[in-house]
Amino acid sequence: MQLIEIDDPADPRLEDYNRLTDVVLRRKTEPEGGLYIAESTKVVERALAAGHRPRSVLLQRKWLDEIGPLVESYDIPVFVGESSVLEQLTGYVMHRGALASMHRPALRPVAELLIRARRVVVIEDVVDHTNVGAIFRAVAGLGADAVLVTPRCADPLYRRAVRVSMGTVLQVPWTRLAEWPEGADQLHAAGFEIAALALADDAVPLDVYAAAAPERVALLLGTEGDGLSRAALRDADRVVTIPMLHGVDSLNVAAASAVALWALRPGAGAA
């Protein structure tokens, strides 16, 4: 690594961190594929463990002993500066130690993720990055095999999504569907039953469904306000609901994903 002291937030070498939004980073044409920002030692460590390539690192000197060993084998600049300089550069106080500008990995083909999967989650048009990150954390913690996101779903590599997921978006296999709801055909062709988590008069209670769930289930989750689209519900094989009490009709989509994934965890039906 190349250790570089910085004292000027306008230094052109720091362009990746200079108040650029995640959208701008993703659309950068150089390098090809765009970038994302990994924030905190834990997230940087998980990104590297997943095989993602760093482009540079930005940190306060006090975090060098913690971050340095993770990136010392990479021929990349490690920018070190005072907290006041870094705040001017990024636009916020860096509480979590370090930022790393990472090359975005190529998205994997949907078919590749489905080959050995038994439980997958499909996120339809969820636009809140916090919810996306929390869903990924539930997927990682409760044993689903992959996540598919629809074309209009929020970016799982957005900084807030990565942070909320505790870096698990860098561990869970995921990709973006090229089309939706046409992408449901790929799930059916791979032998998945699509279980839509939604409110409906003919919905099956989650515990009843989980007790006899098929071997391959794709759990379909909808956007925060309107829920699943009509087209998605038409393509679903079953509509499943979480029974609620005290006049509450539903949970936040991230909380609902955790409940459903726990109920559908491997071996749960057999128990």
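**Cores and sheet in a predicted model**

Let me start with the interior: the largest nonpolar core has 54 residues, and within this core Val57, Val121, Ile123 and Val147 touch the most other members. A nonpolar core here is a set of buried Ala, Val, Leu, Ile, Met, Phe, Trp, Tyr and Cys residues joined through side-chain atoms within 4.5 Å, where buried means under 20% relative accessible area, exposed over 50%, and partly exposed in between, with a 1.4 Å probe and protein chains only. Helix 11 (residues 253-263) gives the most to this core, namely six residues; helices (H or I, at least four residues) and strands (E, at least two) are DSSP runs numbered from the N terminus.

I should say that this is a predicted model, in which local features need pLDDT of at least 70 and side-chain atom pairs count only at pLDDT 80 or more, while totals for chains, interfaces and linings use all residues. Residues are numbered from 1 along each chain as its sequence is written, and side-chain values use heavy atoms, leaving out hydrogens and water.

Turning to the sheet, seven strands form an open sheet in the order 8-7-6-11-9-12-10, with parallel pairing, and two strands pair if DSSP finds at least two bridges between them. Which strands stand at the edges? They are strand 8 (174-176) and strand 10 (204-205), each with a single partner strand, so one side of each has no neighbour in the sheet. Strand 10 is joined by two bridges to strand 12 (residues 238-241), and the two run parallel; Val204 has Val240 in strand 12 as its bridge partner.
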